[in-house]
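User: Hi! I'd like to go through this structure and ask what stands behind some of the terms.

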Amino acid sequence: MALWGGRFAKSAAESVRNFTESISYDRRLYKHDIQGSQAHARMLAEAGIIPAASAEAICAELDRIRERIEKGDFTFSSELEDIHMHIESALIEKLGDEGARVHTARSRNDQVNLDIRLYLRDEILAIADAIRSLQKALVEQAQKNKRTILPGFTHLQHAQPVLMAHHLLAYAEMFERDIGRLLDARKRLNVLPLGSGAIAGTTLPIDREFVRKALDFPAMSRNSMDAVASRDFTCEVLAALSIFAMNISRLSEDLILWMSQEFSFMVFSDAFCTGSSLMPQKKNPDIAEISRGKTGRIYGSLMSILTICKGLPLTYNRDLQEDKEGLFDAIDTVHGILSVYPEMIRTMTVFPDRMLQAASDPGLMATDLAEELVRKGVPFRHAHHKVGSLVRFAAEHGKKLNEVTLEEMKSVFPEADEEMLKLFSPERAVEKRDVFGATGYRQVEQQLEFWNRHLAEKPEV
């Protein structure tokens with residue numbers, strides 16, 4: 001009989017049990033459910049609601065149940081619906097009436113909310129740590145390529161020369177914000193909901209402050225209806241994971257392009273590529289492609305929880321059982337990506353000569369020429385127009401910009417001088433961009449120093 005079955009004359013049909021069970025996926029919450037139940041039992045004893053001996057027996061048996069689950073010596077069944085009822089039933093089976101005291105002054109509504117918050121507190125820290133490992137891999141690769149020049153792109157067209165290190169560190173910045181979003185979400189979800197009951201709290205004299213301290217929550221929920229009905233913290237975590245996935249997808253796209261024969265800027269290690277079942281010559285960047293594809297899967301989890309919550313009246317509705325599968329899947333997916341990506345970055349081989357060749361088109365230094373005119377007092381918009389006219393002149397005469405003579409340049413804008421003929425060097429173009437945050441050699445060296453120092457520090461939680 002289900003633990004809630006006193007109201008019912010008949011047991012649920014097997015089809016109903018199979019349809020409504022969540023134990024097939026929420027069993028991963030066992031550690032957090034036990035952690036919360038032990039704190040709750042100790043509080044009940046401290047408040048004089050149950051005997052101290054009952055609390056001691058409950059906590060000791062919960063430890064044994066955890067050990068049984070971890071050893072694989074625990075039977076799960078759809079008849080008991082979820083992890084909460086499995087653990088409580090095991091307690092009652094072993095302790096009888098003493099075990100039945102554990103659910104005093106709580107509901108599965110506030111219990112499951114607690115479990116998810118405890119679970120997410122741990123998972124967010126684990127994911128943040130894994131993202132930092134990816135950042136370290138990017139910084140290591142950037143350190144190796146701090147003088148490697150490649151063309152930067154806008155509109156997927158060659159734009160200006162940049163250092164490869166600068167390009168890679170752009171993603172380190174993005175992932176730093178991803179960590180920040182996750183840790184911010186953790187601060188908002190780090191609130192104790194237990195004690196809210198099913199909807200309105202309890203008439204028993206519980207001590208929520210005791211549980212808050214025992215479970216290391218900095219705060220507890222102020223409104224019992226909000227506590228049991230809200231899943232905005234789940235939405236926020238999934239939103240942060242979705243943005244991380246978007247950034248991984250963008251990095252994947254860059255790397256996939258760089259590895260293509262048209263670019264030939266780099267190649268992944270064989271250990272992180274696959275071949276074709278038909279074409280023997282193929283070496284495909286499948287890890288990056290699958291990571292790019294899994295972004296849609298994570299987005300789907302976010303859209304699912306947003307859709308589930310959008311029409312729910314207060315307070316708890318069984319629809320909220322659907323809050324977990326997408327969340328668990330998104331977390332597992334992110335862990336999967338981060339289990340392969342750092343080493344894939346570390347072991348890729350870069351082709352600096354090919355990158356430099358692509359960045360050596362003198363047209364990429366057109367802006368440098370316009371800014372040299374600015375130094376001579378020409379307003380930038382006029383300088384832009386003058387250099388644009390020179391680009392058109394060169395194209396009409398079948399020349400590259402660095403093939404235009406001084407006389408020809410002067411015919412387009414009289415301010416031209418010998419120094420302007422020396423601007424068409426990607427190395428010089430990079431070196432001259434010596435402002436904070438830019439791609440200049442000195443600036444990128446300082447960026448690398450920052451990242452090496454920052455990643456060696458313990459992150460604030």
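User: What makes the pair formed by the side chain of glutamate 408 and the backbone nitrogen of threonine 405 a polar contact?

Analyst: Happy to explain! The side chain of glutamate 408 reaches that nitrogen at 3.0 Å. A polar contact is a pair of N or O atoms within 3.5 Å, where one must be able to donate a hydrogen and the other to accept it, and residues adjacent in sequence count only if both atoms are side-chain atoms. The 3.0 Å separation is within 3.5 Å, so the pair qualifies. Keep in mind that this is a predicted model, in which local features need pLDDT of at least 70, side-chain atom pairs count only at pLDDT 80 or more, and totals for chains, interfaces and linings use all residues. Residues are numbered from 1 along each chain as its sequence is written, and side-chain values use heavy atoms, leaving out hydrogens and water.

User: Which residues does glutamate 408 contact beyond its neighbours within four places in sequence?

Analyst: Those are Phe393, Lys399 and Glu403, where contact means heavy atoms within 4.5 Å.

User: Why do the residues lining the largest cavity divide into five nonpolar, two polar and two charged?

Analyst: His40, Met43, Ala105, Leu194, Gly195, Ile206, Asp207, Arg208 and Val211 line the cavity. Met, Ala, Leu, Ile and Val count as nonpolar, Asp and Arg as charged, and the others, Gly among them, as polar, so the lining divides into five nonpolar, two polar and two charged.

User: Which helices each supply at least two residues of that lining?

Analyst: They are α3 (30–46) and α9 (208–214).

How values were computed
1 Å grid on protein atoms, 1.4 Å probe; cavity = no way out; pocket = protein on both sides within 12 Å on 5 of 7 lines; lining within 4 Å. Helix = DSSP H or I, 4+ residues; strand = E, 2+ residues; numbered from the N terminus.
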